[in-house]
Amino acid sequence: MAVGVAEVIEGPGGGRRRSPGSTPLAIEATGLVKHFGATRAVAGVDLAASPGTVYGLLGPNGAGKTTIVRILATLLAPDGGRAMVLGHDVAREASAVRRRVALAGQFTTVDDDLTGSENLVLLGWLAGLRRRAARGRAADLLAAFGLEKSAARPVKTFSGGMRRRLDLAASIIVRADLFFLDEPTTGLDPVSRAQVWEIIRSIVAGGATVLLTTQYMDEADELADRIAVIDHGKVIAEGTTSELKASAGSGTLRIRLADSARRPDAERMLTRFLNVAVQAGADPAALTARVSAHPSAQASEQVAAAVTELARAGIAVGEFAFGQPSLDEVFLALTGHNGTVREGIKEAAS
């Protein structure tokens, strides 16, 4: 019978280690600062992640996400502030932190010329597992991550999604209480992304905590229990997805016209009637507008009246919806730029 991912992801020794009568935060950071020359990559960051959850760091390239992860994983020393991971100070108790965490970075850590199985067995040996234990652990992970049939193939023949799953398997070859997953789905196709999402859910189902960095709004919305929005090295908003959407202070109207040729007319009418900016979407028939009130009876009436005016002008509406903004729209409102845009400087620590 196939081994489930959650079955092969446990805390060290098969359980979570906690102080009697207390449950420390998995991550607690206060005033973290990190400079690279004249660049202030992290500018006073506060974080608090509860055990057994997915905590998301959301932001574009260059926001400081990877630098924060590397500080928390003890790969970089902070220039200011303090960080505790699983009750241990990352600066003074780095060895204790490293024994309980695992890191999957943005770039693959596996060897192209070795097979999938050889990669995992080798990493098991390097992590201190005996030969038989390393082989058993590798076999369990390959089965859990759907790579069993490809285990004997060189990694250079793997697809991007297969390589990423192998990389995640490599990061958990030794069981950990906290997993740092730094943009684990970058560059993957939709099917592979969905597979990685299931792996992340299984990690948490196994009792561990995940710190997930991403620049994809839908990914944060789908996976994270709480999200810190990072921009220019600072936390500019923090909360659940519902709290972040509510913080935008506006409801969002989304309209798709039956005839895309009428979009300029519809845009002008909605701008005049609602007295707000109307955005043309990538879909040539789509329009969106942020109405300056949370979705309410009054705002709903205003939106319904606007749609009625379009119909009176002979502009047919194929579909429309009015509700909370998406995380993309929240990020745009918070930062003034689109968080899904992938252009930008690379982080100084990547």
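Let's start with strands S6 and S7: they run parallel to each other and are joined by four bridges. S7 covers residues 178-182, and one pairing to look for is Leu103 with its bridge partner Phe180 in S7. Please keep in mind that this is a predicted model.

Now step back to the sheet around them. Six strands make an open sheet, ordered S6-S7-S8-S3-S9-S10, with mixed pairing. Strand S6, residues 101-104, and strand S10, residues 234-239, stand at the edges; each has a single partner strand, so one side of each has no neighbour in the sheet. On average, neighbouring strands are turned by 15° against each other, direction ignored.

What lies across S6 and S7? That is helix H5, residues 160-171, running at about 160° to S6. Helix H6, residues 190-205, also packs on the sheet, where it touches S3, S7 and S8. The direction of H6 makes about 150° with that of S8.

On to the inside. Nonpolar side chains tend to be buried together in soluble globular proteins. Here the largest nonpolar core has 47 residues, and those with the most contacts inside it are Leu120, Phe145, Phe179, Leu181 and Val210. H6 is the element that gives the most to this core, with six residues. If you click on Leu120 and leave aside its neighbours within four places in sequence, you will find contacts that include Ala138, Leu142, Leu166 and Ile173. There is also a second, separate core of 29 residues, and Phe180 is in that one, along with Leu72, Leu86 and Val97.

Finally, the charges. Side chains of opposite charge can pair when their charged atoms come close. The count here comes to 18 salt bridges. Let me show you a few.

Asp79 pairs with Lys34, with the closest N and O atoms 3.7 Å apart. The two are 45 residues apart: Asp79 is in the loop between helix H1 and strand S4, while Lys34 belongs to strand S1. Are they buried or exposed? Lys34 counts as buried because its relative accessibility is 10%, whereas Asp79, at 45%, counts as partly exposed.

Back at helix H5, Arg163 forms a salt bridge with Asp112, the closest N and O atoms being 2.7 Å apart. This pair also links distant parts of the chain, as Asp112 sits in the loop between S6 and helix H3, 51 residues from Arg163. Asp112 is partly exposed, at 33% relative accessible area.

One last group to find on your screens: Arg82, Asp89 and Arg92, linked in a network of salt bridges. Thanks, everyone!

Key:
Residues are numbered from 1 along each chain as its sequence is written. This is a predicted model: local features need pLDDT of at least 70, side-chain atom pairs count only at pLDDT 80 or more; totals for chains, interfaces and linings use all residues. Side-chain values use heavy atoms; hydrogens and water are left out. Two strands pair if DSSP finds at least two bridges between them. Axes are lines fitted to C-alpha atoms, for helices over the stretch in contact, and angles run from 0 to 180 degrees between N-to-C directions. Contact means heavy atoms within 4.5 Å. A nonpolar core is a set of buried Ala, Val, Leu, Ile, Met, Phe, Trp, Tyr and Cys residues joined through side-chain atoms within 4.5 Å. Buried means under 20% relative accessible area, exposed over 50%, partly exposed in between (1.4 Å probe, protein chains only). A salt bridge is a side-chain nitrogen of Lys or Arg within 4 Å of a carboxyl oxygen of Asp or Glu.
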